[in-house]
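Let's take a walk through this model together, starting with the overall fold and then moving to individual side chains. Keep the structure open beside you as you read.

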Amino acid sequence: MTDSSVIKRNNQSIWMRGVFMLVMALAFQLAVSLLALVAIAQFIVTAASDEPNERLKSLGHMLGQYLRQIADYETFASDDAPFPFSDWPTSR
């Protein structure tokens, strides 16, 4: 394989990653909005019952992990594309 074909393949893969990065940036914005709603709901539930909801705690934790995965992918700290290109993060 010649150097030019390796450069061409690497150039194509970087542009594909750029497309994935745009998709993941949109997913990040949606996840942040959802996390804000979960936080508000958790506050209301906790204020009303003096105890946080376990399901909301778990969802908030998973959303935090997902946001971390996206941030790692966007900054090239990881080559693993987050959900929907891999599994959804699990709770603790």
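The chain holds 2 helices and 0 strands. Bear in mind as you look around that this is a predicted model. Helix H1 covers residues 3-49, and helix H2 covers 54-74. Of the 92 residues in the chain, 21% count as buried. The accessible surface comes to about 6800 Å², and carbon and sulfur atoms account for 64% of that surface. How do the contacts spread along the sequence? Taking contacts between residues at least 6 apart in sequence, 62% of them join residues at least 24 apart.

A good place to zoom in is Arg17, which lies in helix H1. Is Arg17 buried or exposed? Its relative accessible area is 10%, and because the cut-off for buried is under 20%, Arg17 counts as buried. Now look at what surrounds this arginine. Leaving aside neighbours within four places in sequence, Arg17 is in contact with Tyr73, Phe76, Ser78 and Asp79. Two of these partners deserve a second look. For Tyr73, the side chain of Arg17 reaches the backbone oxygen at 2.6 Å. With Asp79, Arg17 forms a salt bridge, in which the closest N and O atoms are 3.0 Å apart. This pair links distant parts of the chain: Arg17 sits in helix H1, Asp79 is in the segment after helix H2, and 62 residues separate them. The two partners also differ in their surroundings, since Arg17 is buried at 10% relative accessible area, whereas Asp79 counts as exposed at 62%.

How many salt bridges are there by this rule? The count comes to 3, so let's turn to the other pairs, which you can find in helix H2. Glu54 forms a salt bridge with Lys57, and here the closest N and O atoms are 3.4 Å apart. Why are Glu54 and Lys57 separated by about one helical turn? They are 3 residues apart in helix H2, which means that about one helical turn lies between them. Glu54 counts as exposed, at 52% relative accessibility, while Lys57 is partly exposed, with a relative accessible area of 37%.

Further along, Arg68 pairs with Asp72 in a salt bridge whose closest N and O atoms are 3.3 Å apart. Because these two residues are 4 residues apart in helix H2, they too are separated by about one helical turn. Arg68 counts as exposed at 56% relative accessibility. Asp72, in turn, is partly exposed, its relative accessible area being 23%.

Finally, let's leave the charged pairs and return to helix H1 for a nonpolar feature. Which residues form a nonpolar patch on the surface? Leu34, Leu37, Ile40, Phe43 and Ile44 do, and together they have about 540 Å² of accessible area. Leu34 is found in helix H1, so you can use this leucine as a starting point for locating the patch on your screen. Leu34 has a relative accessible area of 38%, and is therefore partly exposed. A residue needs over 30% relative accessible area to be part of a patch, and Leu34 has 38%.

Methods. Residues numbered from 1 in each chain as written. Predicted model: local features only at pLDDT ≥ 70, side-chain atom pairs only at ≥ 80, totals over all residues. Heavy atoms only, no water. Patch = residues over 30% accessible without salt bridge, like charges linked within 9 Å, V, L, I, M, F, W, Y side chains within 5 Å. Areas by Shrake-Rupley, 256 points an atom, 1.4 Å probe, with all protein chains shown as cover. Salt bridge = Lys/Arg side-chain N within 4 Å of Asp/Glu carboxyl O. Buried < 20%, exposed > 50% of the residue type's maximum accessible area, 1.4 Å probe, protein only. Polar contact = N/O pair within 3.5 Å; in protein donor to acceptor, adjacent residues only side chain to side chain. Contact = heavy atoms within 4.5 Å.
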